[in-house]
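Biologist: Could you pick a single part of this model and take me through it closely, with the cut-offs behind each term? I would like one connected account rather than a list.

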Amino acid sequence: MKHILVVEDEYFIRQNLQQILEFSNYQVSLAEDGEKALTIALQEKPDIILSDVRMPNMDGYQFLEALRANTSTQLIPVVFLTARAERMDQRQAMAMGADDYISKPFTPEELLSALEARLKKSEVSGQQQQEKLDEFCAQLSRTLPHELNTPLNGISSSIDFLISRYSYFSKDEVLDLLKVVQSSSQRLHRLIQNFLLYAELELKSQRTESPSPPVLASGTRLTVIQPTLEKLAEDYQRLQDCFLELPPISVPVPPSQLRKIFLELTDNAFKFSKAGTPVTLTGMVIDQQVTIKLQDQGRGMTSEQLKLIGAYTQFERKLYEQQGCGLGLTIAQRMVELFKGKLYINSQPQVGTLITVQFPSLTETCTSST
């Protein structure tokens with residue numbers, strides 16, 4: 001039996017709705033304003049909410065905003081009851097994250113049909129999310145233990161070796177082992193941070209309301225990423241392969257996020273290409289879009305593999321020894337989308353990969369945010 005919370009300040013309408021819904025085999029909870037409805041929603045977690053807009057104490061818009069702000073209620077479908085003349089209310093309700101609206105007056109058939117359609121859609125969406133979660137957990141169980149154990153083994157074995165044979169090592173040998181510990185701990189730290197960041201980005205992408213990127217007073221120049229990428233190339237001992245052409249153009253992305261996006265993308269370019277082949281990053285403005293192209297001459301991917309790209313996905317691991325668990329590209333893609341950008345991948349096996357990232361110009365961003 002599906003549970004419906006009815007929020008309506010007029011007593012006779014509220015009682016009429018209760019009779020219609022209970023006669024149709026729904027479990028019904030009642031509230032006369034948004035404040036009481038919010039308390040019931042938090043306690044009972046109804047399957048769907050049918051709410052009036054014009055109410056005392058807390059109106060429908062405030063009630064919806066409070067629901068969407070709470071992680072335990074933000075995915076509950078909300079259907080608004082609005083007067084036929086309130087066209088602006090209808091648009092505002094949908095913009096704020098309402099799932100549907102029913103115009104007054106309505107027949108019992110219209111009411112039940114709208115609720116059943118919304119519940120069915122919610123069930124399908126829930127099944128899809130569960131399938132994604134199951135796949136995520138399966139991939140996680142296959143890859144994460146290995147990725148955690150590898151750096152942990154490096155740390156543990158190096159420390160054990162130092163403790164058991166410390167007196168036999170020269171200072172240079174001790175320093176070499178400490179560098180192994182440092183490298184392994186940095187890899188482990190980055191893996192954990194990437195996992196937490198990915199989970200946060202996935203939660204944002206699944207919210208009913210699209211997350212709004214922070215509005216920047218000024219943009220970030222592309223040149224801010226150069227030291228980070230040069231350090232990455234140095235870590236791979238491929239500084240001679242790294243070619244950066246970064247003009248002083250700006251993008252509407254904070255510096256730390258911009259560095260993270262291109263750190264992950266460039267790390268993949270180095271990881272999946274051989275030493276001695278170039279990795280080129282070029283920035284330009286094309287048709288009022290800031291366009292950044294990252295080109296490597298590495299292993300490349302087939303069209304089928306491109307369709308399967310996702311977190312914790314690696315290809316041909318049995319053939320190639322590689323570090324990482326496939327999070328980097330997905331994190332970069334989610335972050336680009338968060339700041340209203342687009343990421344495109346063109347790749348050919350044994351030829352290389354071209355990644356193109358586009359961001360709107362600062363002028364367009366400022367206009368759309370005002």
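**The helices and the sheet**

Modeller: Happily! H2 and H3 are roughly parallel to each other, where angles under 35 degrees earn that label, those over 145 count as roughly antiparallel, 65 to 115 as roughly perpendicular, and the rest as oblique. This is a predicted model, in which local features need pLDDT of at least 70 and side-chain atom pairs need pLDDT 80 or more, while totals for chains, interfaces and linings use all residues. Residues are numbered from 1 along each chain as its sequence is written, and side-chain values use heavy atoms, leaving out hydrogens and water.

Two packed helices are described by the angle between their axes and the distance between the axes. For helix H2 (residues 34-44) and H3, the axes cross at roughly 25° and come within 9 Å. Helices here are DSSP runs of H or I with at least four residues, strands are E runs of at least two, and both are numbered from the N terminus. Axes are lines fitted to C-alpha atoms, for helices over the stretch in contact, with angles between N-to-C directions running from 0 to 180 degrees. H2 passes H3 in a right-handed crossing; that label applies if the near helix is turned clockwise from the far one by less than a right angle, and left-handed if anticlockwise.

Now the side chains of this contact. From H2, Gly34, Ala37, Leu38 and Ala41 meet Phe63, Ala66 and Leu67 of H3, contact meaning heavy atoms within 4.5 Å. Sorted by class, that gives 6 nonpolar residues, 1 polar and no charged ones. The nonpolar class is Ala, Val, Leu, Ile, Met, Phe, Trp, Tyr, Cys and Pro; Asp, Glu, Lys and Arg are charged, and the others, Gly among them, are polar.

H3 also leads us to the sheet. Helix H3 (residues 60-69) lies across E1, strand E3 (48-52) and strand E4 (78-83), and runs at about 170° to E4. These strands belong to an open sheet of 5 strands, ordered E2-E1-E3-E4-E5, with parallel pairing; two strands pair if DSSP finds at least two bridges between them. At the edges are strand E2 (27-31) and strand E5 (100-104), each pairing on one side only. From one strand to the next, the twist averages 20°.

How many bridges link E1 and E2? Strand E1 (residues 3-7) pairs with E2 in the parallel sense over 5 bridges. Leu5 stands opposite Ser29 in E2, and Val28 in E2 is the bridge partner of Ile4. Between these strands, the chain crosses from E1 through helix H1 (residues 11-23) to E2 in a right-handed β-α-β crossover. Right-handed here means that, with the strands pointing away from the viewer, the path from the first strand over the helix to the second runs clockwise.

To set beside the H2 and H3 packing, here is another helix pair. Helix H7 (residues 226-235) packs on helix H8 (residues 255-271) at an angle of about 25°, with axes 10 Å apart. That makes H7 roughly parallel to H8, and H7 passes H8 in a right-handed crossing.
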